[in-house]
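Visitor: Before we begin, I should like to understand the reasoning behind the terms used for this structure. Please show it to me.

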Amino acid sequence: MASESPAATHKDPVTGEMISKRSHSELKRREKQREKDAKKAEKAAAAPPQAASRPAAANEDDLNPNQYFELRARTIQKLKETQSPNPYPHKFHVTQSVTSFVEQYSKEGLIPAGQKLDNVLVSLSGRVHNIRISGTKLKFYDLHSEGTQVQILANVRDADNAEEFMSTQALFRRGDIVGVTGHPSRSQKGELSISPTSMVLLAPNLHQLPSAHFGLKDQETRYRKRYLDLIMSPGTRNIFITRARVINYLRRYLDNLGFLEVETPMTSMVAGGATARPFVTHHNDLDLDLYLRVAPELYLKQLTVGGLDRVYEIGRVFRNEGIDLTHNPEFTLCEFYMAYADMYDLMEITEDLLESMVKYLNGGSTIVKYHPEGKDGKELVLDFKTPWKRYDMIETLEEKTGTKFPPGDTLHTKETNKFLRDLCVKHNVECSEPRTNARLLDKLVGDFIEPLCISPAFITGHPQVMSPLAKNHRSRPGLCERFEGFMCGKEFCNAYTELNDPFEQRLRFEEQSRQKEQGDDEAQGVDEVFVDALEHGLPPTAGWGMGIDRLIMFLTDSPNIKEVLLFPAMKPIETAANTSGKEPGPAGQL
């Protein structure tokens, strides 16, 4: 086909395209559309910022998390460049907390519905959780802070500067931290509010918050991103408030008994004070392997030797063992040592401490309900009212197994080991190697006695072979003066009349060393410094230890220990950076 001559065509002034004269109408159509688009663009440019942003904000709910982050990050980067406004200001003067505001102005009759206190001006700050739009000039925000919520009734007519007020509000998204200055008020429906004269963005949230309706349900996310869990879940916040109250109560109780709080080393050359597998670290300057402490016991008893008759410590200990619903590799322990006391004194102190603590937490009640399988599972009712039940270990095992045990002073022998092995086989009680007498007895107790302890109870009458640091029983050969506290079938405390005979202590350490050589990597070694301290004279003393985390589980109805640890140990998320093993997981988690 012959091509058209240049005279038979028109050039599009924008695209440079040559258009046939027969298609002249196409050129006219393009020009009209461009005029229309130009007028629309001019109108959009002349419109106030909030008018342009409202459709965008509405559409943001349809974005996926990555898209939302990119869009929000670009917006905030632009604000950082223009400083109009600065998205990260240095200071906002808060005159009152949200909690105090609600307490002060929620009183019936103080503010009538639909009214505000024009003579009162306050400044609050917090995180925006929900935004509700009611027309072009009225928005409602839910402001959260310190576990309390108040409504922001943002009406343009109350603003000091209407244009600035509306442009600032156009920036706000769920999760942003904002500052509000305004008057205490109530909405037309009577809800306590603050009617702002001005608002300011204090720290933007660049990520989508989970839906306010569904909340944050994924357990992995809750544990790995505890900050997000605390933002979204009031129940999580309440657990850690209770935890703080428990530790505070424990401190005050011991202080009132004349105890002195001390701090002891986290690392040492000998892992002693408890039967547990330690973590090993390395001191570069000394070129020396050290252990993270499994318990502060031996140091605290050295202080008692030195004349500090009542000492205690609340701190972290580290045990290189399994992770499950009730165990975490690092946990918080309270230990105290009391000169001129014995295990019977400590049983009374334990009962009084926990009964009074539960009354303090529960408004006078001694009843605690616990759901070991979750809120929808079976319910256990614990009563902390004293006195608690006591189970003698050997007598109860004899009763439950229907078998007479060897005499107490033979419980450490090879013959008893065969007896215990046979008994475990007979009752299908599993015990992994090494099957030492102590481990076999511990497994039998776990199957037959621990399940009996729903409400707090004591297990007493431990064989010496299970307790290398406890004093021998004053009237029962082969046993020692020790008790363990159990509830819901789980141990929460351990105490004994302390062994203060340096000769006997050395023999027990040596027996532990033999067990270690047999393959029991939880057994203790010989601590020469501690033996030397005993040789200087330890007064008759009783010692006590309690796992704080497990106690908090029971008191807050938390079936998983991760619920009561702000940052529990988690397996790393596999990424290109850490699969080689050279880099830690996100947030330094295990």
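Visitor: What makes E4 and E5 a pair of strands?

Guide: In this predicted model, eight bridges join E4 (residues 138–145) to E5 (residues 148–155), and the two strands run antiparallel. Pairing requires at least two bridges, so E4 and E5, with eight, count as paired. One of the bridge partners is Asn155 in E5, which lies opposite Leu138.

Visitor: How do you know that helix H5 packs on the sheet, and which strands are touched?

Guide: Contact means heavy atoms within 4.5 Å. Helix H5 (residues 162–169) touches E4, E5 and E7, so heavy atoms of the helix lie within 4.5 Å of those of each of these strands. The direction of H5 makes about 70 degrees with that of E7.

Visitor: Which strands does helix H4 lie across?

Guide: Helix H4 (residues 98–105) lies across E3 (122–133), E4, E5, E6 (177–186) and E7 (192–203), and runs at about 80 degrees to E5.

Visitor: In what order do the five strands close into a barrel?

Guide: The order is E3-E4-E5-E7-E6, with mixed pairing. Neighbouring strands of this sheet are turned by 55 degrees against each other on average, direction ignored.

Visitor: What makes a residue part of the lining of the second largest pocket?

Guide: A lining residue has an atom within 4 Å of a pocket point. The second largest pocket, with a volume of about 620 Å³, is lined by 28 residues, and the closest to its centre are His412, Asn437, Val465, Glu511 and Gln515. H14 gives the most to this lining, with seven residues.

Notes: Residues numbered from 1 in each chain as written. Predicted model: local features only at pLDDT ≥ 70, side-chain atom pairs only at ≥ 80, totals over all residues. Heavy atoms only, no water. Helix = DSSP H or I, 4+ residues; strand = E, 2+ residues; numbered from the N terminus. Axes fitted to C-alpha atoms, helices over the stretch in contact; angles between N-to-C directions. 1 Å grid on protein atoms, 1.4 Å probe; cavity = no way out; pocket = protein on both sides within 12 Å on 5 of 7 lines; lining within 4 Å. Points joined across faces, edges and corners; volume = space filled by probe spheres on them.
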